[in-house]
Amino acid sequence: MKNIILNTFGNFKILSIFPELYNYSSLVPFILRVALGIMLIKNGGGKEKTFGSIFNLVSAVTGFFLIIGLYTQLAAFVALILSFSSLL
């Protein structure tokens, strides 16, 4: 009988309370990418900045790229820069 707490992940044995959640590990990056893309598109329209229209356009395009999965790493890096610039 298999111990439900001890799950095999690659060559490692991992203690887990919910080992069945490892079945969804490939779906999580997709969900996070789409959620971040939706947030960037929604927030892109309401920014009041001195360079507003360019900032809004870049934010919306970055969110769209994240949702469709085009240039994902570059879009995530641009989203990071946008997030830090909105803090300043």
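Select Phe64, Phe65 and Tyr71 to begin: these three residues form one aromatic cluster. The model on display is a predicted one, and the tour moves from this cluster to the neighbouring helix and then to the chain as a whole.

**The aromatic cluster**

With the three side chains shown, consider their rings. A pair of aromatic rings is described by the distance of the centres and the angle of the planes. Two aromatic pairs are counted here. For Phe64 and Phe65, the ring centres lie 6.5 Å apart and the planes meet at 40°, so this pair is tilted; the tilted class covers angles that are neither under 30 degrees nor over 60.

Next, colour the cluster by accessibility. Phe64 has a relative accessibility of 45% and counts as partly exposed. Phe65, at 25%, also counts as partly exposed. Tyr71 reaches 55% and therefore counts as exposed, since the cut-off for exposed is over 50%.

**The loop at Tyr71**

Now centre the view on Tyr71. This residue sits in the loop between α2 (52-68) and α3. Inspect its backbone as well: Tyr71 has a positive phi of about 50°, although it is not a glycine. Most residues other than glycine have a negative phi.

**Helix α3**

Proceed to residues 72-87, which make up helix α3. Its 16 residues span 23 Å from the first C-alpha to the last, close to the 22 Å expected at 1.5 Å a residue.

Which residues of α3 are buried? Select Ala75, Ala79 and Leu82 to see them. They cover an arc of only 60° around the axis, and so they lie on the same side of α3. An α-helix has 3.6 residues a turn, so residues three or four places apart point the same way.

Turn the helix to view its other side, where Gln73, Leu74, Phe84 and Leu87 are exposed.

**The whole chain**

Finally, zoom out and display the cartoon. The protein chain contains three helices and two strands. Followed from the N terminus, the elements run in the order β-β-α-α-α.

Colouring the full chain by burial shows that buried residues make up 18% of its 88 residues. A surface representation covers about 7,000 Å² of exposed area, of which carbon and sulfur atoms supply 71%. As a last step, display the contacts between residues with a separation of 6 or more: residues 24 or more positions apart account for 36% of these contacts.

Notes:
Residues numbered from 1 in each chain as written. Predicted model: local features only at pLDDT ≥ 70, side-chain atom pairs only at ≥ 80, totals over all residues. Heavy atoms only, no water. Helix = DSSP H or I, 4+ residues; strand = E, 2+ residues; numbered from the N terminus. Expected span 1.5 Å × (residues − 1). Buried < 20%, exposed > 50% of the residue type's maximum accessible area, 1.4 Å probe, protein only. Arc of directions from axis to C-beta. Phe/Tyr/Trp six-rings, centres within 6.5 Å; stacked < 30°, edge-to-face > 60°. Contact = heavy atoms within 4.5 Å. Areas by Shrake-Rupley, 256 points an atom, 1.4 Å probe, with all protein chains shown as cover.
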